[in-house]
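Visitor: Please give me a close look at one part of this protein, and then place that part in the rest of the fold.

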Amino acid sequence: MESAVDIESLAAWMTDQGLGSGPIDNVTPLAGGTQNILLRLTRDGRDYIFRRPPAHPRPNSNETMRREARLLRAIAGTNVPHPALIADCADESVLGVAFYLMEPVNGFNPVGQLPKPHAGSPAMRHAMGLALVDGIAALGALDHQALGLADFGRPDNFLGRQVDRWRSQLAGYGEFADWTGPQALPSVDAIAAWLERHRPADFTPGIMHGDYHLANVMYRPDSGDLAAIIDWELATIGDPLLDLGWVLATWPNGSGASTVSVTPWEGFPTPAELVARYGAGSARDLSAVDWYHVLACYKLGILLEGTHARACAGKAPRDTGDRLHSRAIHLFDRAQALIR
């Protein structure tokens, strides 16, 4: 990954920004997201986290980087835990891509085997779950207009666009040869119809993360508190209650495969406890929370099915495609159970 970054050009840019003058040392690739390049580096004794698009950027990758940096700058000083932005470069001529630098976060991502003391404390794990929804309650409470983000998304008819948007995405998978098709997904049309019939009449726009779950947060090493919300590439202005729906859709419920894996799980709050906690920290109307849960299952299921469709056509590993197809079926089954 280091080869994807011209360290000398980065050093020259940092010098121009007043960010040290010595050589860049200790360049270490980090895991963070499945596509973007994340490096930890040191200059003049100060540690930085560097983030840029993948080595083969997608058409919108540079704009995504610019949006992430803008969002992090806007929420600086708020009570939403996030990596602090140090500096960003929208000019693609410097490194060939847009990029930014942020402060390192003293914390860990909880996916997989939890470290000590969290692994040995059900009470700490319970606090972790509550802190997760505290994060989006705080995010959704921010005044995006006052923060300079009035044009950061398209909240008009946001909910009204959702089903058609994801129905079209699913139909588009028909381009992949040998895909098993929408008929292999249980009740997908019935779920879409239910969502259209029961769509909330209105909502209060706010900042939403767009992909909020346990894999996209970090926790303090000695407590159940959030250290940071990370991976802001899908953030927009929409209905923040969809972030809550996303948490619920990815939350293990004991009835099949989950989209997150955290061990041990005992002690984490129930979905009902998560909703109650969110309600305690938010003025938003939660009377239609099941609708957001169903929408999140629908949207995430369709996204996961995309990898299965590509795998059917030989454009993704077959075992990965089969696993995600199984998770998509689980999500549609979960949505149908909520509807019933």
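Guide: Leu195 touches Val163, Trp291, Val294, Leu295 and Tyr298, leaving out residues up to four places away in sequence; contact here means heavy atoms within 4.5 Å. The model is predicted, so local features need pLDDT of at least 70 and side-chain atom pairs pLDDT 80 or more, while totals for chains, interfaces and linings use all residues. Residues are numbered from 1 along each chain as its sequence is written, and side-chain values use heavy atoms, without hydrogens or water.

Leu195 belongs to the largest nonpolar core, which has 84 residues. Such a core is a set of buried Ala, Val, Leu, Ile, Met, Phe, Trp, Tyr and Cys residues joined through side-chain atoms within 4.5 Å. Buried means under 20% relative accessible area, exposed over 50%, and partly exposed in between (1.4 Å probe, protein chains only). Leu195, Tyr219, Trp232, Leu244 and Tyr298 touch the most other members of this core. Helix H8 (residues 289-312) gives the most to the core, with 13 residues. Helices (H or I, at least four residues) and strands (E, at least two) are DSSP runs numbered from the N terminus. Domain 1 (7-102) and domain 2 (112-339) both contribute residues, so the core lies between them. A second core, separate from this one, has 20 residues, among them Val5, Ala11, Trp13 and Ala87.

The domain bounds come from an automatic or database domain assignment. Taken over C-alpha atoms, the centres of domain 1 and domain 2 are 27 Å apart. Each side of the contact is known by count: 19 residues from domain 1 and 19 residues from domain 2.

Helix H6 (residues 241-250) is mostly covered, with ten of its ten residues buried. Leu244 and Trp246 are among these buried residues, as are Asp243 and Thr250. The cover over the buried residues of H6 includes helix H3 (122-141), helix H4 (158-172), E7, helix H7 (271-280), H8 and helix H9 (318-339).

Two residues of H6 also meet a histidine. His213 touches Trp246 and Thr250, and further Leu132 and Val260, not counting residues up to four places away in sequence. His213 sits in the loop between strand E7 (206-208) and strand E8 (217-219). Its relative accessibility is 13%, so His213 counts as buried. The side chain of His213 makes a polar contact of 3.1 Å with the side chain of Asp211. A polar contact is a pair of N or O atoms within 3.5 Å; within protein, one must be able to donate a hydrogen and the other to accept it, and residues adjacent in sequence count only if both atoms are side-chain atoms.

After that loop comes E8, which a hairpin of six residues joins to E9. E8 and strand E9 (residues 226-229) run antiparallel, joined by three bridges; two strands pair if DSSP finds at least two bridges between them. Met218 stands opposite Ala228 in E9.

Two polar residues elsewhere in the chain make side-chain contacts of their own. Arg70 is found in helix H2 (residues 61-74) and is partly exposed, with a relative accessible area of 29%. Beyond its neighbours within four places in sequence, Arg70 is in contact with Gly148, Leu149, Asp151 and Phe152. A polar atom of the Arg70 side chain lies 2.8 Å from the backbone oxygen of Gly148.

Asp47, in strand E3 (residues 46-52), also counts as partly exposed, at 29% relative accessibility. Its contacts, leaving aside neighbours within four places in sequence, are Arg40, Leu41, Thr42, Glu103 and Pro104. The side chain of Asp47 has a polar contact of 2.7 Å with the side chain of Thr42 and one of 3.4 Å with the side chain of Arg40. Asp47 and Gln162 are 115 residues apart along the chain, and their C-alpha atoms are separated by 41 Å.

Last, the whole chain. The protein has nine helices and eleven strands. Its radius of gyration is 21 Å, close to the 20 Å that the globule rule gives for 340 residues, so the protein is as compact as a globular protein of that length. The radius is taken over C-alpha atoms, and the rule is 2.2 Å times the number of residues to the power 0.38. Along the principal axes, the C-alpha atoms fill a box of roughly 65 × 50 × 40 Å. Buried residues make up 50% of the 340 residues. Of the contacts between residues at least 6 apart in sequence, 71% join residues at least 24 apart.
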